[in-house]
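Subject: Structure handover

Hello,

Here is the structure I said I would pass on. My notes follow below it.

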Amino acid sequence: MQRPLDARGAGTAPGAAATQPARRDVHSPPPEDRRRKNGVLVAVAALLVVAVVVAGVVLFRDGMLGGRAAEASTPEAPATIREPSADATAPEKPSDSGVEKLPTTGEPLTAGATVTAPPASADATDGNGDTTSYEASNMLDGDPETTWRMDGDGSGETITFTFDDEQTISRLGLVNGYAKTDPASGADRYAQTRRITAVTWTIGADRFDQRLEDRDRTLQTLAIRPVKGDEVTLEIDRVTQPGNPTFDQTAISEVEILG
């Protein structure tokens, strides 16, 4: 009886298992090549790490040296606190160039003027029993405790001051209420009646608006550019409500027209 032949035609010993030769993938490199490539990659990575570390050390050292050199060459100055100068906070003064100077004082002209005004309130009696009158000439007597006074709201009413001759006028003013305290009762007539808060002065073709402070019972004046005229008109533009409804009157204690 014949023994079977192996792949090479040789017989196989009885009882021996048939063995096949080990196969290798023709596409994969030999183990020796893979180990060689892996070693090269590890070496390259190590060199890169060393280069990064060396560069970092060099940059850190240069930065430290540069900073120390800068500190040595430019020592920090001690902090100082400066008080602002007087001129630092003062507002800039406007230039006077081209601005006409307005007078702050002048010659009173009202003593030589006559006045025409709306009808005055009826005479009254003060706390002492003395008669008080409110005619228009009280505005020109130089006494703020005498007054011209009319009944009701004087808004829209006009008062005219007339001179015998043409005058040069540079300042206008008035006391905008009844600036009197009753000598017997202590009643404040200024607070009781209406106060004027806006007027318009007219001299010829020129008009001048004046705003007045309420509760200011002093003479409030308005400086104007010098204007010539023989007549001044004062129009009452706005008044307050009366402080006491019983005293619903509008009053002017004094008027000043200055040359």
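Phe247 touches Arg189, Gln192, Thr193, Arg194 and Pro242, leaving out residues up to four places away in sequence. This comes from a predicted model, so please read everything below with that in mind. Phe247 itself sits in the loop that runs between strand E8 (220-239) and strand E9 (249-252). Its C-alpha atom is 8.6 Å from that of Gly152, although 95 residues separate Phe247 and Gly152 along the chain.

One of the residues that Phe247 touches is Thr193. Thr193 is in a loop as well, the one between helix H3 (189-192) and strand E6 (196-203). Is Thr193 buried or exposed? Its relative accessibility is 1%, and because buried means under 20%, Thr193 counts as buried. Once residues up to four places away in sequence are set aside, Thr193 touches Arg149, Tyr178, Gln241, Pro242, Gly243, Phe247 and Gln249. Pro242 therefore appears in the contact list of Thr193 and in that of Phe247, as the contact definition of heavy atoms within 4.5 Å is applied to each. The side chain of Thr193 also reaches the backbone oxygen of Arg189, at 3.1 Å. Arg189 is among the residues touched by Phe247.

The next residue to look at is Asp151. Asp151 belongs to strand E4 (residues 148-151). Between Asp151 and Thr193 there are 9.8 Å from C-alpha to C-alpha, with the two residues 42 apart in sequence. Which residues is Asp151 in contact with, leaving aside its neighbours within four places in sequence? They are Ser121, Asp248 and Gln249. With Ser121, the side chain of Asp151 makes a polar contact of 2.7 Å. Gln249 is also on the list of residues that Thr193 touches.

Now the chain as a whole. The protein chain has 3 helices and 10 strands. In sequence order they follow the pattern α-α-β-β-β-β-β-α-β-β-β-β-β. Of the contacts with a separation of 6 or more, 76% are between residues 24 or more positions apart. The pairing of Asp151 with Asp248 and Gln249 can be looked up in the model as an example of contacts in this chain.

As for the surface, the chain has 259 residues, and buried residues make up 29% of them; Thr193 is one that counts as buried. The protein chain exposes about 17,400 Å², with carbon and sulfur atoms supplying 54% of that area.

Regards

Conventions:
Residues numbered from 1 in each chain as written. Predicted model: local features only at pLDDT ≥ 70, side-chain atom pairs only at ≥ 80, totals over all residues. Heavy atoms only, no water. Helix = DSSP H or I, 4+ residues; strand = E, 2+ residues; numbered from the N terminus. Polar contact = N/O pair within 3.5 Å; in protein donor to acceptor, adjacent residues only side chain to side chain. Buried < 20%, exposed > 50% of the residue type's maximum accessible area, 1.4 Å probe, protein only. Areas by Shrake-Rupley, 256 points an atom, 1.4 Å probe, with all protein chains shown as cover.
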